[in-house]
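Could you walk me through this structure in my viewer, one selection at a time? I would like to know what to pick next and what is there when I do.

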Amino acid sequence: MTQVLKILIADDDADLRAALAEQLALHEEFSAVHADSAQGALTASRKEPPDLVIMDVGLPDMDGREAVKRMREEGFKNPIIMLTGHDTEWDTVQGLDAGANDYVTKPFRFAVLLARMRAHLRQHETNEEALFRIGQYTFQPSAKHLIGETGGKLRLTEKETAILRFLYRAGQAVVTREVLLREVWGYNSNVTTHTLETHIYRLRQKIERDPAKAQLLITEAGGYKLVP
């Protein structure tokens with residue numbers, strides 16, 4: 001199972017929202033949430049930030065570009081792709097200046113939109129400001145810490161960060177000890193599974209409410225998985 005990414009579709013065209021959601025449902029890595037107004041999109045981005053936003057320019061209550069600008073001002077860092085019926089250079093510049101990552105003109109082919117979504121998601125994952133949700137924590141790999149619900153920060157070592165990042169990318173698939181050793185430590189013959197198990201133990205001491213009954217970092221036959 002791959003990590004499921006939440007896509008917010010903000011458009012007042014119910015048919016278009018339904019069509020996009022139907023197409024996204026064919027790809028197991030995505031789940032769609034909807035908003036038919038700019039205010040609805042802003043509310044959704046504050047409550048439970050999506051991994052990517054598809055934002056129409058012509059929303060009934062506010063220009064989509066203004067909504068994007070507000071989202072950025074409020075600290076939303078994830079990719080935003082704008083949809084518009086206008087394809088002038090001025091429209092594109094306005095959208096990008098507002099904080100959008102990309103601009104797609106209607107009508108469009110879903111395959112093109114999907115390719116752009118995946119490209120921006122890949123790029124964002126390597127961004128220094130990228131944030132990921134793991135249980136009650138917000139994970140910021142570049143800063144090597146987890147941010148709790150009250151804003152407190154848990155410091156992670158480089159190896160702990162690498163373990164969490166790799167398990168997060170794997171979704172809820174079990175990653176074997178051998179694969180984790182290779183991905184995190186490389187081909188160092190001096191590193192054993194005992195080293196990995198020690199790091200897993202220390203990670204659980206930091207992130208689990210009850211380390212003896214792990215709910216986030218789970219041991220499965222032959223390896224580990226993350227339940228974000």
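Start by selecting K144, which sits in the loop between strand 7 (137-140) and strand 8 (145-147). This is a predicted model, so read the angles as computed values. Phi of K144 is near 55 degrees, a positive value in a residue other than glycine. Most residues other than glycine have a negative phi. Is K144 buried, partly exposed or exposed? Its relative accessibility is 34%, so K144 counts as partly exposed, since that class lies between the 20% and 50% cut-offs.

Next, go back along the chain to P107, in the loop between strand 5 (102-105) and helix 5 (110-125). Show the backbone there and look at the bond that leads into P107 from K106: this peptide bond is cis, with omega near -10 degrees. Most peptide bonds are trans.

Now select D36, in the loop between strand 2 (30-35) and helix 2. Which residues does D36 touch, leaving out those up to four places away in sequence? The partners of D36 are D11, D12, R17, L59 and P60. Draw a C-alpha to C-alpha distance from D36 to D12 and you should read 4.3 Å, although 24 residues separate D36 and D12 in sequence. With a relative accessibility of 45%, D36 counts as partly exposed.

From there, move to Q23, which lies in helix 1 (residues 14-24). Add A111 to the selection: the C-alpha atoms of Q23 and A111 are separated by 9.5 Å, with their positions 88 residues apart along the chain. Q23 counts as partly exposed because its relative accessibility is 33%.

Time for the open space. Turn on a pocket display and find the largest pocket, with a volume of about 720 Å³. It is lined by 23 residues, and those closest to its centre are E48, P49, N78, F132 and R133. Colour strand 1 (5-10), helix 2 (38-47) and strand 6 (132-134), the elements that give two or more residues to this lining. Which element gives the most to the lining of the largest pocket? That is helix 2, with 3 residues.

Then look for enclosed space. How many cavities of 30 Å³ or more are there? The count comes to 1, and the largest cavity holds about 30 Å³ of space. To see its walls, select E125, F132, F139, P141, R165, Y168 and R169. Helix 6 (residues 158-169) gives the most to this lining, with 3 residues. Keep F132 highlighted for a moment: F132 lines the largest cavity and is also among the residues closest to the centre of the largest pocket.

Finally, zoom out to the whole chain. A cartoon view shows 8 helices and 12 strands, and the C-alpha trace spans about 60 × 35 × 30 Å along its principal axes. Of the 228 residues, 43% count as buried. Switch to a surface: the accessible area comes to about 12000 Å², with 49% of it belonging to carbon and sulfur atoms. Colour by charge as a last step, and compare the mean positions of the 29 positive and 33 negative charges, which are 8 Å apart. If you plot a contact map alongside, 55% of the contacts between residues at least 6 apart in sequence join residues at least 24 apart.

Terms used:
Residues numbered from 1 in each chain as written. Predicted model: local features only at pLDDT ≥ 70, side-chain atom pairs only at ≥ 80, totals over all residues. Heavy atoms only, no water. Helix = DSSP H or I, 4+ residues; strand = E, 2+ residues; numbered from the N terminus. Buried < 20%, exposed > 50% of the residue type's maximum accessible area, 1.4 Å probe, protein only. Contact = heavy atoms within 4.5 Å. Areas by Shrake-Rupley, 256 points an atom, 1.4 Å probe, with all protein chains shown as cover. Lys, Arg positive; Asp, Glu negative; His and termini not counted. Charge placed at Lys NZ, Arg CZ, Asp CG, Glu CD. 1 Å grid on protein atoms, 1.4 Å probe; cavity = no way out; pocket = protein on both sides within 12 Å on 5 of 7 lines; lining within 4 Å. Points joined across faces, edges and corners; volume = space filled by probe spheres on them.
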